[in-house]
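Here are some notes to read alongside the structure, set out as numbered points for someone who is seeing it for the first time.

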Amino acid sequence: SNSDAWIKSRWISCASCKRWRRVACCLPFESMVEWECSENSNDKFSSCEATEEILRDGEVLLEGEEHEKSYEQEKDEFSNHLSSFLSKHNLPSLKKPLLGGKDLDLYRLYREVIYRGGYKAVVCKPGTWSKIFRTLENSKNRKVTDASYRLKWYYIESLYAYEQQYFHGMDPTKIEIPKKRKRASRAGKRSAGKVLDAFTANFWRQTQMMATRNRYWTAVPGATGGAH
């Protein structure tokens, strides 16, 4: 079978020239509000002077409910693959982590972090966890005062080891998960909690060619609906 037949991609409009460009499916398109052609990893279309790309044979654009259904399917596939990975390597996993009274979308969080270069790149830049939190639906709850801290540790507990293997290519048996330190609170100090194939091969391939900011479409081959 031809694996390329199942490749998914997204389309983003350049903030400058308004031309539409095909980008990697794994990019956090939700928060890429000022993306420009110069950020495109595809050199052929990394300039506003380049003509707009065209749809491939059999490729159609999804919008509205169809786009939402496609995203939910991606999220479920990612969740299943993540759970399988954690179970295989005897790593604990969070059961529907909550933040601000809402379920935390780990698929979205993972894409936001690897877009910025991965966990270590994020922790090296103060304020980045806070920036990531503001891109999430959970940020609508203004009462969350420790979002950066909790987001960081949710990531470590559920996604750090996964990132090390699938984004950095590390051997899972050699991954050392950061330990959670004791943290002071109003009630005093409290102890730390837990420490932390085939979801579309295309997704893993795309994480290695991080292009990169939301007007967006999802393009899939052979889906029903009209092309634009």
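**Notes on the core and the first helix**

1. A good place to begin is tyrosine 155, which, once its neighbours within four places in sequence are left aside, is in contact with Leu109, Tyr110, Val113, Ile114, Tyr119, Trp129, Tyr160 and Glu163. Please keep in mind throughout that this is a predicted model.

2. Tyr155 is also listed among the residues with the most contacts inside the largest nonpolar core, together with Leu104, Leu109, Tyr110, Trp129, Leu151 and Leu159, and this core has 45 residues. At least two core residues each are supplied by strand S2 (20-24), H1, helix H2 (106-115), helix H3 (119-123), helix H4 (128-134), helix H5 (147-158) and helix H6 (160-166). The largest share, seven residues, comes from H2. As a general background, nonpolar side chains in soluble globular proteins tend to be buried together.

3. For the protein as a whole, the model has seven helices and eight strands, and buried residues make up 42% of its 228 residues. The exposed surface comes to about 12,900 Å², of which carbon and sulfur atoms supply 49%.

4. Helix H1, covering residues 64-88, has 25 residues, and the distance from its first C-alpha to its last is 36 Å, close to the 36 Å expected at 1.5 Å a residue. The buried residues in H1 are His67, Ser70, Tyr71, Glu74, Phe78, His81, Leu82, Phe85 and Leu86.

5. Leucine 86, found in helix H1, deserves a point of its own. Why does leucine 86 count as buried? It does so because its relative accessibility is 2%, and buried here means under 20%. Apart from its neighbours within four places in sequence, leucine 86 is in contact with Leu91, Pro92, Ser93 and Ser158. Leucine 86 and leucine 159 are 73 residues apart in sequence, yet their C-alpha atoms are 9.1 Å apart in space.

6. H1 is followed by asparagine 90, whose phi is positive, near 55°, although this residue is not a glycine. Asparagine 90 lies in the loop between H1 and strand S4 (98-99). Is asparagine 90 buried or exposed? With a relative accessible area of 72%, asparagine 90 is exposed.

7. Lysine 18 may be read alongside that residue: its phi is near 70°, again a positive value in a residue other than glycine. Lysine 18 is found in the loop between strand S1 (9-13) and S2, and S2 is one of the elements that supply at least two residues of the core described above.

Definitions and conventions
Residues are numbered from 1 along each chain as its sequence is written. This is a predicted model: local features need pLDDT of at least 70, side-chain atom pairs count only at pLDDT 80 or more; totals for chains, interfaces and linings use all residues. Side-chain values use heavy atoms; hydrogens and water are left out. Helices (H or I, at least four residues) and strands (E, at least two) are DSSP runs, numbered from the N terminus. The expected span of a helix is 1.5 Å times one less than its number of residues. Buried means under 20% relative accessible area, exposed over 50%, partly exposed in between (1.4 Å probe, protein chains only). Accessible areas come from the Shrake-Rupley method with a 1.4 Å probe; for residues, only the protein chains shown count as cover. A nonpolar core is a set of buried Ala, Val, Leu, Ile, Met, Phe, Trp, Tyr and Cys residues joined through side-chain atoms within 4.5 Å. Contact means heavy atoms within 4.5 Å.
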